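Reader: I am new to this structure and should be grateful for a close look at a single part of it. Please begin with one side chain, follow its partners and their surroundings, and explain each term as it arises.

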Amino acid sequence: MKRSKNIIGNSVDSLAENTPSPFISIIVATLNNSQFLQQCIESIISQTYTHKEVIVIDGGSTDLSLKIIKKLDHDINYWESKPDRGIYHAWNKALKHAKGDWVCFLGADDFFHDENVLTSLAPHLQRAETQGINAVYGKVTKVDHKGIIIRVEGKPWDKVGWLMRHGMPIPHPGLMHHKSIFETRGLFDESFRIAGDYDLLLRELKDGKAMFVDTVLTVVCRIGGVADSRSIETHNEVARARKKLGLPFSWIWVAVHFKAHIRSVWRRLYSTF
């Protein structure tokens, strides 16, 4: 494996050559998240599936993140550390270096459920490719800050696919995107702050199909992320994504938005006691 170094990190000149399909790129965007970053990256490195690459885009962290990245440098195929315009800008930058047939975005405070996740997903990725399916997802375990399981998310596409036009019905952490999505649908819209992943997948899945792998727990995801804490803004961005594609008014979206508003008000009231 050939590596080329530069002042902001390292890259791989030729990594996908002579490796069996599917080749998987795992992208991590991070900013001042040193508390969980090492666990996240090590969960990728420890995967038994060898036909993968690790790309880390750090937004210029001032904590210990850079020290962790340099510590794991030998197992990271490309990394950089400099200011960016947010997570979707970071992901777009990473995509310029991604050589995978499939691309997965992992939150810096999330980690793969076990070391066999990619090995378990690989045959499903091959099957999806033969069927022209460009998005593959499994189950995601949501935990609190103590690591206690709150819930498991992920339902079959034939049960929740119709909801895609109204909001995000499938978990994005650990979801596998075929490279053709970015070739035909474009990159992430950086004007979004929270729902850019929904906006991208809506372009692909409003009339398309995703594959659900019910036998694989893909990612352990800590609650409390941006989308969890800013649900009203999230729903507003979902509405903007729908409008971009000319989707009609949705009473379902209104119901979900109203529920999120009530939940937000309740949280504010509860916090005053």
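Author: E190 has a relative accessibility of 27% and therefore counts as partly exposed, a class that lies between buried (under 20% relative accessible area) and exposed (over 50%), as found with a 1.4 Å probe and protein chains only. The model is a predicted one, in which local features need pLDDT of at least 70 and side-chain atom pairs count only at pLDDT 80 or more, while totals for chains, interfaces and linings use all residues. Residues are numbered from 1 along each chain as its sequence is written, and side-chain values use heavy atoms, with hydrogens and water left out.

The partner of E190 is R85, and their side chains form a salt bridge with 2.8 Å from N to O; the term denotes a side-chain nitrogen of Lys or Arg within 4 Å of a carboxyl oxygen of Asp or Glu. This pair connects distant parts of the chain, since E190 belongs to the loop between α6 and α7 and R85 to the loop between β5 and α3, 105 residues apart. Helices (H or I, at least four residues) and strands (E, at least two) are DSSP runs, numbered from the N terminus. R85 has a relative accessible area of 55% and is therefore exposed.

The loop between α6 (179-184) and α7 (196-205) also holds F188, and here the subject turns to aromatic rings. Rings of Phe, Tyr and Trp (its six-membered ring) pair if their centres lie within 6.5 Å; planes under 30 degrees apart are stacked, those over 60 are edge-to-face, and the rest are tilted. By this rule there are 8 aromatic pairs. The ring centres of F105 and F188 are 5.2 Å apart and the planes stand at 85°, so this pair is edge-to-face. It too links distant parts of the chain, with F105 in strand β6 (residues 102-107) and the two positions 83 residues apart. Both F105 and F188 are buried. F188 has a further aromatic partner in F182, at 6.0 Å from centre to centre and with 50° between the planes, which is a tilted arrangement. F182 is likewise buried. Together with Y88 and W91, the residues F105, F182 and F188 make up one aromatic cluster.

Charged side chains deserve a second look. K93 and E80 form a salt bridge whose closest N and O atoms are 2.7 Å apart. K93 lies in helix α3 (residues 87-95) and E80 in strand β5 (residues 78-81), so that distant parts of the chain are linked across 13 residues. Both of these residues are buried. A further charged group is the end of R240, which sits over the ring of F192 at 3.9 Å from the ring centre; the criterion is NZ of Lys or CZ of Arg within 6 Å of the ring centre and within 35 degrees of the ring normal.

The wider setting may now be given. The structure holds 11 salt bridges, and the chain has 10 helices and 11 strands. Of its 273 residues, 49% count as buried. Where contacts (heavy atoms within 4.5 Å) join residues at least 6 apart in sequence, 76% of them join residues at least 24 apart.
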